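Trainee: Got a minute to go through this one with me? I'd like to start with the terms.

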Amino acid sequence: MSGDRDLAAEFRAGNVRGLARAISLVEQRDPTVRHLLEELRDGLRRPRVLGFTGAPGTGKSTLVDALVGLLRGRDQKVAVVAVDPNSPFSGGAILGDRIRMQRHALDGGVYIRSMGARGHLGGLSAASREAIRLLGAFGFDYVLLETVGVGQSELEVAAVADTTVVVLTPGQGDSVQMLKAGIMEIADVFAVNKADLPGAQKVVQEIRSMLNMGPKLAWKPPIVMTVAARAEGLEELLEAVERHQQHLETTGEAAERAAERLKDEAADLVGEWARRQARKLLDDDAELSRRLLDDRVPYAAAEEILTTEGESLVPRAARSRHKMKSR
Amino acid sequence: MRREDGVETSTISGIPVDPVYTAEATRDLPDELPGEFPYTRGIHKSGYRGRLWTMRQFSGFATARETNARYHYLLKNGQTGLSVAFDMPTLMGQDSDAPTSRGEIGHCGVAIDSLADMETLLDGIPLDKVTTSMTINSPAAILLAMYLVVAEKQGVPWTQVGGTLQNDILKEYIAQKEYIFPPQPSMRLVIDSIEFCAREVPRWNTVSISGYHIREAGSTAAQELAFTLADGFAYVDACLERGMQIDEFAPRLSFFFDAHIDFFEEIAKFRAARRIWARHMRERYGAQNPRSLQLRFHTQTAGVSLTAQQPELNIARTAVEALAAVLGGTQSLHTNAMDEVLALPTDKSARIALRTQQMLAYESGAANTVDPLGGSYFMESLTKRMEEEAEAYFERISEYGGVIRAIEAGFFQKEIADASFRYQTELEHKRRVIVGVNDFVTDDEEPIEILRISPQAEQEQVDRVREVRRKRDQARCTRALESLRKAAQSPDENLMPHIVEAVRAYATEGEIMGTMVDVFGLYTERAII
Amino acid sequence: MSAVQAKPLRIVLAKVGLDGHDRGVKVVARALRDAGFEVIYTGLRQTPAMVVEAALQEDAQVIGLSLHSGAHMTLFPAVIEELKKRQAGDITVFGGGIIPDDDIAELKKLGVAEIFTPGAPLEEIVTWLRKRFPDG
C-alpha cells in the first residue's frame, strides 16, 4: 500500500487513524512525511503547546486529565502527547498514561497519544515538533505534552512547548531534588499539586526562595496550588499559563521563539539527512571505508564526504592542515 | 540455591531454606501453649477437639431463585452457614441493565440488583438461625442493608442477625481492583458500617480483612501477611479516630487468607499472623479483651495454583493446601473444586472439594492435636522469618505515611507486580515446576465438563430490575436517595441508616452507588506494572 | 545493532469486562516490553469502543485483550465488530484468560487471531507476535 497520498486524504477527511499513522511516520522520521506536511501547509496553524513535567507520582496525568476536562468545557479541542521512558535493555516500553484519561476516551474532541522517549531518530524534540504541526493541522487548539521529569526527555519537550508547567507535590522529598536537577530553568509556571496534603506551603516556600536566589528574569514563574483529583486550582493554573503566553506575545518572544524553532528544525534536518547519506556512503564505498579504518580516527573521512570540488562544509577550525603542528 | 536438577530450593516466595535445621533454631523460643498470648499456636486450648473448622463452601448461581434453591438443599443436608458469591455487576455496584453488565450477569455468582432480589435469595431461610457470609466490598454497605431489611421483614430483630461481610476495601486498591470511589470516602463507608453494626447488629462480623486476593494477585506469602495485617491496623486506626473504643469493635474483625501450595511456608504464615496481631493489639493499641487479641481467619485454597491442564491434579493440590490451613489452625475453610479455574464448579467437582475437607477432618488425624508442628526446628525458624519480613514491611509502609498513602504511591502494586514477574520468570526457566504445565505434560488432554450459564437468565434479570423500578413508590425512592446524597456531603454523618432507607424504598444497587459516586467521585489507579 | 528499533510494534493491552484480575496482563506487558515492543496499557474495565478508539489513536497494529470474568463470548466479538465498523479490520486481536477450548475455536472463527490460556509461556506470545510481524 503506498502511503502518503491516501494518508493525506484520510488526514483531510478528519479520520483519526490518518492522524495516528502520520504521527507514527514522524516518530520513525520517515522522509515521506515531508510530502504530507507540504501538502497540508496551507492549513497549518500552531496550537497552544503546554508542557507538563514532574517526578513520578506527582499526579501529572491526573492534572492533564483535569485540564482536558476544563478545556473541553470551553469547547477547545485538545490533544495529549504523553511521553514515557523506554527500557534501556530492550528498547521496548510500557506506556500507561492513558489510564488516567479514560473518561475522555470516547470524546471526539480529544486525542491521546503515548510515545516512548527513546527510539526517535533525530531526537524526541524533532518528533514532537512534527507531531504538534500535524495536530494543529488536524484542528486541535491545544496540545498538552506530558513527560516524566527524570531524564533528558523533559528538556527536549520543554524546548518545543510554549509554556512549561513543572509539577511538584508535598512529601516524598522529590520537590527539592527536582529543583536541584535543573528543572528550575525550564519552568514557566509551577503547579504544586496535591495541595491538600500537609507540607504544600513548604513546597511553595522552597520554590519561592529558589526563585529569589536566581537572576532577575523578565518573567517570574507564578506558583499555583492545585488538587487535580478534585479539579481544584485548575482555572488558576490555566490563567497563569495564559498570562505567560500573553507575556510571550507582548515581548515579541513568541515570534522570536517560533523563528528560532524553525531555524533549529531546518538545521536538525540538515544534520539528519546528511548523516543518513554519509552513513550510506560509508557502507557502500569500500575504498572510503578502508581508508577510514586505516586512519583509525574519523576526521579525514568525514571531511572527504563533506567536500566536493574544493568546496567544504567542514568548520574552518576542523579542516585538515598540511602539516600537523607539534607542541 | 538450586537442587541438582536445577529446581529452586527456596520457598515459592523466594525465602531461602536450609537443607536441615537443628536445635539452634528453637534455642530462644519461649514456652507457649495454644490458647495463650501471643497465640502463635492457636486461639483455642483444645484446637479442633472442641470444635472442628467450619466447612464453608462459597457459592452463587445466576439468579437469586436458583441460588435460593441451592441454599435450601444445603441447609437440609446439615450445613448451618451460607456463603454468597455475587456476580461481577453486583460486585462493581451496577445494575444488570447497565450496558457494561452485558455478558457478565450471573457468571461468577448471583445477580442482586435490589431488595426484591435479596428477598428471593433468602426466601424461607430463617435469618435468626442461619449465619451468612457475603463476599462483597465496594457496595458492601448496600448488600448488608438489604440483608437487614429482609430480616426486618421476617420479624427477626437485628440483634439476632449474624454473619460476615468481606467489606475490606483496602485490599481492593492493593490487589483485586474492585474499587469504585477514591480511598478516603471508601474508608469512611467501611468505618460507618463498623460503627453502625457495633451499635445495632452486634453479632455481625463487619470486616473480613483479606490476604487471599493479595496473594492471588501474585504476592509472596510474606507480602500477603504483611499487607493484610497492615490493612487491619489501618481499619483499627480509622475506628479509633472515629472515637470508638478498641474492645468495642476489634472482636468483630476477622481475617481471610490464601493457602498456597508451599506447605511449610503457609503454616508458618498462619502462625506468624496470630502472633503479630496479638502483640500489636495489646502493645500498640492497649486492647484488653482476649477476643480483640485473637486473630480468627477463614482460608481458601489457592485459586492461582489450579491448572487448566490435567485438572484432576487440582484435587491433590487442594488437599495439600487444605492440610496446611488445618495445621495452621484455620477457623473455616473453602476448598476449591478442580474445575474452578475454568468456570463455576459442577455438582460432582463441588462434592469432591467438600469431601476432601471431610477426609482431613475424619480420616487423617490432623484434627486431633493442636499445632502439631509447634517446636519443629524448621517451622519455628520459618515462623520467625515471616514475622521479621512483615515487620520490615510495616516500617516501609509507615515511611509512606500509612496504607492509603502507600496505595496512592503505588507501593503495594509495584511490590506485587515485581514478585509475580519474578515467579513467572522462574517458571519460564523451569527453575520452578508446575506439574502438567511446564513439565510432565500430557499431549492428550481430555476436555472436562463445564457448567454454563444460559443467556436467557441474563435477560430475565434485566427484565426483573426494570420491573422493580416500574412498580416501586417512586416518590419515596427519590426522597431516600436525596437524603443519602445530603448525608454523603456532610462528612460527619453515618451513611448506613440512609442506605437502609433507600433499600427499603427499593432503590437499586446501581442507583444507590450512583448517588454516592456523584458526591465521592470515581477512582482510577495509575499504571503500576 | 542498536537496541532501539526504528519501527517498534505497538500493542494496546486492555482489560475488558468488569473483573480486576490484572496479574496476567501485567506480566505479559513486561514480557512484551522486554521483547522490544511498545505496549500501551489502557487499564481495567475497558469497553470495546474504548479499546478500539485507543488502538486507532495510538496507531497500534495489535490489540491484546485480557478477561477473567467469563464474558469473553460477549466482549471479544464486540471488539472485532467495532474494529470492522471503524474500518480497522486489519488490526490483529489476540486474547488471554480462562477460556474453554470450545470457546477458543468459536472465537477464532469470529476473527480473534489467537488465544493464550493460563500456563502459556510468555515466550510463546512473543514468538507468535514476531512471526506475525517480522518487521516489528
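Mentor: Buried means under 20% relative accessible area, exposed over 50%, and partly exposed in between (1.4 Å probe, protein chains only). At 29% relative accessibility, C108(B) counts as partly exposed.

Trainee: What should I know about the model and the numbering?
Mentor: This is a predicted model: local features need pLDDT of at least 70, side-chain atom pairs count only at pLDDT 80 or more, and totals for chains, interfaces and linings use all residues. Residues are numbered from 1 along each chain as its sequence is written, chains are lettered from A and ligands numbered from 1 in the order in which they are written, and side-chain values use heavy atoms, with hydrogens and water left out.

Trainee: Back to cysteines. How many disulfides over all chains?

Mentor: The search of the whole structure finds 0. A disulfide here is a pair of cysteine sulfur atoms within 2.5 Å.

Trainee: Why no bond for the sulfur of C239(B)?
Mentor: Because the closest cysteine sulfur, in C197(B), is 11 Å away, too far for a bond.

Trainee: And is C239(B) buried or exposed?
Mentor: C239(B) is buried, at a relative accessible area of 0%.

Trainee: New topic. Which residues form the nonpolar patch with F440(B)?
Mentor: V433(B) and V435(B) join F440(B) on the surface, with about 250 Å² of accessible area together. Patch residues have over 30% relative accessible area and no salt bridge; like charges are joined within 9 Å, nonpolar side chains (Val, Leu, Ile, Met, Phe, Trp, Tyr) within 5 Å. A salt bridge is a side-chain nitrogen of Lys or Arg within 4 Å of a carboxyl oxygen of Asp or Glu. Areas come from the Shrake-Rupley method with a 1.4 Å probe, and for residues only the protein chains shown count as cover.

Trainee: Where is F440(B)?
Mentor: In the loop between helix 16 (411-428) and helix 17 (455-471) of chain B. Helices (H or I, at least four residues) and strands (E, at least two) are DSSP runs, numbered from the N terminus. F440(B) is exposed, at 53%.

Trainee: What about its backbone?
Mentor: F440(B) has a positive phi of about 55 degrees, though it is not a glycine. Y506(B), also not a glycine, has a positive phi of about 60 degrees. Y506(B) sits in the loop between helix 19 (496-504) and helix 20 (509-520) of chain B.

Trainee: Which peptide bond is cis?
Mentor: The one from F37(B) to P38(B), with omega near 0 degrees. P38(B) is in the segment before strand 1 (54-55) of chain B. Most peptide bonds are trans.
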